[in-house]
Amino acid sequence: MSDLYRFGVSLEKTLIEAFDRHIEAQNYKSRSEAIRDLIREELIRKEWREGGTVAGAIVMTYDHHKRELVSVLLDIQHDFQDTVISTQHVHLDHHNCLEIIAVKGKASDVEKLATTLKVQVGVKHLSLSISASSAE
Ligand code: NI
């Protein structure tokens, strides 16, 4: 953060008290940092809604013994090679794999990739976390 810009905000007492309780529970060091995070989250949501460029990660677990599943999941990722930045594969136990797929691209492509992976039989859990947008 090279250029800091200060501005004043007027809030109702009950609202700022509730906010202070909230940020204390979250262990924020200052209101400024909490407000910065809220603004970033809103900008990411806006980018997501408007189909802009986003970056984040798909985290999924699946049963690699499921017939053909590993090659199906790989084929899907190759179909989205412009969206997939990198993958990390962890062999959780005898049956289960954990895969973390870093993604960047149009919100619609990222969502389509996540959904296409999620519906495959044998994929036990999948979450998509968007951490950045081109608006920042
Ligand atoms: Ni594995």
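Here's a walk through this structure, from its domains down to a few residue pairings. Keep in mind that the model is predicted.

Let's begin with the overall layout. The domain assignment splits the protein into domain 1, covering 13–49, and domain 2, covering 53–132. Taken over C-alpha atoms, the centres of these two domains sit 30 Å apart.

Now for the helices. Two packed helices are described by the angle between their axes and the distance between the axes. Here, helix 1 (residues 13–25) and helix 2 (residues 31–49) have axes that come within 10 Å and cross at roughly 90°. That crossing makes helix 1 roughly perpendicular to helix 2. Which residues of helix 1 meet helix 2? They're Ile16, Phe19, Asp20 and Ile23, and on the helix 2 side the contact involves Arg31, Ala34, Ile35 and Leu38. Sorted by class, the contact has 6 nonpolar residues and 2 charged ones, with no polar residues.

Next up is strand 1, residues 53–63. Of its 11 residues, 8 are buried, so the strand is largely enclosed by the rest of the structure. Strand 1 has pairings with two other strands to look at. With strand 3 (residues 96–106), strand 1 runs antiparallel and is joined by 11 bridges; to pick out one of them, Gly56 has Val103 in strand 3 as its bridge partner. With strand 4 (residues 123–133), strand 1 is again antiparallel, and 9 bridges hook the two together. If you want a spot to click on there, try Val59, whose bridge partner in strand 4 is Ser127.

Notes
Residues are numbered from 1 along each chain as its sequence is written. This is a predicted model: local features need pLDDT of at least 70, side-chain atom pairs count only at pLDDT 80 or more; totals for chains, interfaces and linings use all residues. Side-chain values use heavy atoms; hydrogens and water are left out. Domain bounds come from an automatic or database domain assignment. Buried means under 20% relative accessible area, exposed over 50%, partly exposed in between (1.4 Å probe, protein chains only). Helices (H or I, at least four residues) and strands (E, at least two) are DSSP runs, numbered from the N terminus. Two strands pair if DSSP finds at least two bridges between them. Axes are lines fitted to C-alpha atoms, for helices over the stretch in contact, and angles run from 0 to 180 degrees between N-to-C directions. Angles under 35 degrees count as roughly parallel, over 145 as roughly antiparallel, 65 to 115 as roughly perpendicular and the rest as oblique. Contact means heavy atoms within 4.5 Å. Ala, Val, Leu, Ile, Met, Phe, Trp, Tyr, Cys and Pro count as nonpolar, Asp, Glu, Lys and Arg as charged, and the others, Gly among them, as polar.
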